[in-house]
Amino acid sequence: MNIVDAKIESYLDGIYGRRNEVLREMEEEAGKRDFPIVGPLVGKLLYQLARMVDARRVFEMGSGYGYSAMWWAKAMDDGSGGEIFLTERSRSNKEKGEAYLERAGLMKYVKYNLADALEAIDITAGEFDIVFIDIEKSQYPAALEKAARRVRRGGLLVADNVLWSGKVAEEKGDASTEGIKEFNRRLFSMKNFASSIVPIRDGVAVAFKVN
Ligand SMILES: C[S@@+](CC[C@H](N)C(=O)[O-])C[C@H]1O[C@@H](n2cnc3c(N)ncnc32)[C@H](O)[C@@H]1O
């Protein structure tokens, strides 16, 4: 099921404006490889969220070849800088991502960890302005538990694919669907987060840490 009608997606794409050459090349590669990047509509939202909370420390779980990271990095490229901790378990994705970020002049903000995201967050000290979750969907509940503790007050926990092509509405799904359903249930029961799901592309959870 398409969450957003293709006509609306294409309308939004039309009014959001053009993207730089590197982003467009990454989008083309995703199309060719059928690789699940967040895409331009969600990318733009990530950029906006980072600007809204003046993010200087972002932890990303599941970075692929760096497309979503490019949007975080663009938000930091305003003179004040920052740090983005990326985690990816595929070496070839990591190397590809580093090359793209380098070409865009944004690698200076990035630490690309070849690691399991659930382990890497435990050994990365400090609080984060934003933690973004985009790993294996069955791991979403575990990712939520770790991420929620590490977001600063006034910061954001953001997760992609939380509507999972509409499969979240099924009574009983596969491990990925059940992982996302459990993630959504737990997120909306957390009283220290004010949360919403933005239904663009495959659904993005945006949770603001109130206290
Ligand atoms: C949906 S893709 C990420 C796309 C990326 N966020 C973007 O929009 O450009 C998910 C990526 O997470 C990686 N991955 C899945 N589970 C992981 C884990 N537990 N730790 C680290 N990487 C993981 C996969 O190898 C894959 O490249």
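This is a short tour of the ligand and the two pockets to look at in this model, which is a predicted one.

**Stop 1: the ligand and its neighbours**

Start by selecting the ligand. Which residues come nearest to it? Of the 19 residues around the ligand, pick Val38, Glu88, Ala117, Asp134 and Gln139, since these come nearest. Now colour the whole shell by class: you should find eight nonpolar, six polar and five charged residues around the ligand.

**Stop 2: polar atoms facing the ligand**

Next, show the ligand together with glycine 62. A polar backbone atom of glycine 62 is 3.0 Å from a nitrogen atom of the ligand. Then add the side chain of aspartate 116, where a polar atom lies 3.4 Å from a ligand nitrogen. Finish with asparagine 93: an N or O atom in the asparagine 93 side chain is 3.4 Å from an oxygen atom of the ligand.

Switch on a surface for the protein here. How much of the ligand does the protein cover? On its own, the ligand has 610 Å² of accessible area, and the protein covers 92% of that.

**Stop 3: the largest pocket**

Where does the ligand sit? You'll find it in the largest pocket. About 510 Å³ of space lies in there. The largest pocket is lined by 28 residues, and to get to its centre you can select Gly62, Glu88, Asp134, Ile135 and Glu136, the closest ones. Now switch to a cartoon view and highlight α4 (67–76) and β2 (83–88), the elements that give two or more residues to this lining. Colouring the lining of the largest pocket by class gives you 10 nonpolar, 11 polar and seven charged residues.

**Stop 4: the second largest pocket**

Now move on to the second largest pocket, with about 330 Å³ of space. Which residues are closest to its centre? Select Ile37, Val38, Gly39, Pro40 and Arg201, which are the closest of the 16 residues lining the second largest pocket. You've already met Val38, one of the residues that come nearest to the ligand.

Then highlight three helices, α1 (6–16), α2 (21–33) and α3 (39–52): each supplies at least two residues of the lining of the second largest pocket. To wrap up, colour that lining by class, and you'll have seven nonpolar, three polar and six charged residues on screen.

Notes: Residues numbered from 1 in each chain as written. Predicted model: local features only at pLDDT ≥ 70, side-chain atom pairs only at ≥ 80, totals over all residues. Heavy atoms only, no water. Near = heavy atom within 4 Å. Polar contact = N/O pair within 3.5 Å; in protein donor to acceptor, adjacent residues only side chain to side chain. Areas by Shrake-Rupley, 256 points an atom, 1.4 Å probe, with all protein chains shown as cover. 1 Å grid on protein atoms, 1.4 Å probe; cavity = no way out; pocket = protein on both sides within 12 Å on 5 of 7 lines; lining within 4 Å. Sits in = over half its atoms within 2 Å of the grid points. Nonpolar A, V, L, I, M, F, W, Y, C, P; charged D, E, K, R; others polar. Points joined across faces, edges and corners; volume = space filled by probe spheres on them. Helix = DSSP H or I, 4+ residues; strand = E, 2+ residues; numbered from the N terminus.
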